[in-house]
Amino acid sequence: MLQITCPWCGTREGVEFHCHGEAHIARPEKPAELSDAEWGDYVFFRKNPKGIHYERWTHDAGCRRWFNAIRHTVTDEFIATYKPGDPIPDLPEAYRDAAASQSKEAK
Ligand SMILES: [Zn+2]
């Protein structure tokens, strides 16, 4: 059974949570200056990596608060969860090589 650790409540069953997609998407500073294609990219396009992904989640059946998670999309392992506004945690040593190869593939 999938277990997820809410930063406020602790570890709970995965059915209590809901994923809301990619985290850390910055709103453009001057949206009026973007082209239609750039605005479309901001609004509609998200990363869909095979591997490490930074995501926004809510604890719907618990505290109902938002938090961020680092999840491996192949193994469904939650590497870390953290509160919005907290610094992004460093990846554990075991995941650093995978993250480095992912960023090379994205380029
Ligand atoms: Zn919670």
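A donor, for the zinc site described here, is an N, O or S atom within 2.8 Å of the metal, and water is not among the atoms, so sites may look incomplete. In this predicted model, the zinc ion is coordinated by Cys-6 (SG), Cys-9 (SG), His-59 (ND1) and Cys-63 (SG), at 2.1 to 2.4 Å. The protein chain that carries these residues has two helices and six strands, and 26% of its 107 residues count as buried. The points below take up the overall fold, the zinc site, the strands, and then three residues of strands β4 and β5.

**Overall fold**

- Along the sequence, the elements of the protein chain succeed one another in the pattern β-β-β-α-β-β-β-α.
- Taken along the principal axes, the box filled by the C-alpha atoms of the protein chain is roughly 45 × 35 × 25 Å.
- Among the contacts in the protein chain with a separation of 6 or more, 45% are between residues 24 or more positions apart.

**The zinc site**

- Read along the chain, the donors of the zinc ion are spaced as C-x2-C-x49-H-x3-C.
- The arrangement around the zinc ion is tetrahedral, because the four donor atoms subtend angles of 103 to 121° and four donors count as tetrahedral if all angles lie between 85 and 135 degrees.
- For reference, the ideal angle at a metal with four tetrahedral donors is 109.5 degrees.
- Two of the coordinating residues can be described by their accessibility: His-59 is buried, with a relative accessible area of 0%, whereas Cys-63 counts as partly exposed at 26% relative accessibility.
- Cys-6, one of the zinc ligands, also takes part in strand pairing, where its bridge partner in β2 is Gly-10.

**Strands and sheets**

- Strand β1 (residues 3-6) and strand β2 (residues 10-13) run antiparallel and are joined by four bridges, and the connection from β1 to β2 is a hairpin through three residues.
- Four further strands make up an open sheet in the order β3-β4-β5-β6, with antiparallel pairing.
- In this sheet, β3 (18-22) and β6 (78-82) stand at the edges and have a single partner strand each, so one side of each is left without a neighbour in the sheet.
- Neighbouring strands of this sheet are turned against each other by 30° on average, with direction ignored.
- Within the sheet, strand β4 (residues 52-58) and strand β5 (residues 66-72) run antiparallel and are joined by seven bridges, and Glu-55 is found opposite Ala-69 in β5.

**Glu-55 in strand β4**

- Glu-55, which lies in strand β4, has a relative accessible area of 2% and is therefore buried, given that buried means under 20% relative accessible area.
- The side chain of this buried glutamate, Glu-55, makes a polar contact of 2.7 Å with the side chain of Arg-71.
- Leaving aside residues up to four places away in sequence, Glu-55 touches Cys-19, Gly-21, Glu-22, Ala-23, Phe-67, Asn-68, Ala-69 and Arg-71.

**Thr-58 in strand β4**

- Thr-58 also has its place in strand β4, and at 4% relative accessibility this threonine counts as buried.
- The side chain of Thr-58 makes two polar contacts that can be named here, one with the side chain of His-20 at 2.8 Å and one with the side chain of Asp-60 at 2.5 Å.
- When residues up to four places away in sequence are not counted, the residues that Thr-58 touches are Glu-16, Phe-17, His-18, His-20, Arg-65, Trp-66 and Phe-67.

**His-72 in strand β5**

- His-72 is found in strand β5 and counts as buried, with a relative accessibility of 14%.
- The side chain of His-72 reaches a backbone atom, the nitrogen of Val-74, at 3.2 Å.
- His-72 and Lys-50 are separated by 22 residues in sequence, and their C-alpha atoms are 7.8 Å apart in space.
- Not counting residues up to four places away in sequence, His-72 touches Gly-51, Ile-52, Glu-77, Ile-79 and Tyr-95.

Definitions and conventions: Residues numbered from 1 in each chain as written. Predicted model: local features only at pLDDT ≥ 70, side-chain atom pairs only at ≥ 80, totals over all residues. Heavy atoms only, no water. Pairing = 2+ DSSP bridges. Axes fitted to C-alpha atoms, helices over the stretch in contact; angles between N-to-C directions. Donors = N, O, S within 2.8 Å, 3.2 Å for Na, K, Ca; no water. Tetrahedral: all angles 85-135°; square planar, octahedral: opposite > 155°, others 65-115°. Buried < 20%, exposed > 50% of the residue type's maximum accessible area, 1.4 Å probe, protein only. Polar contact = N/O pair within 3.5 Å; in protein donor to acceptor, adjacent residues only side chain to side chain. Contact = heavy atoms within 4.5 Å.
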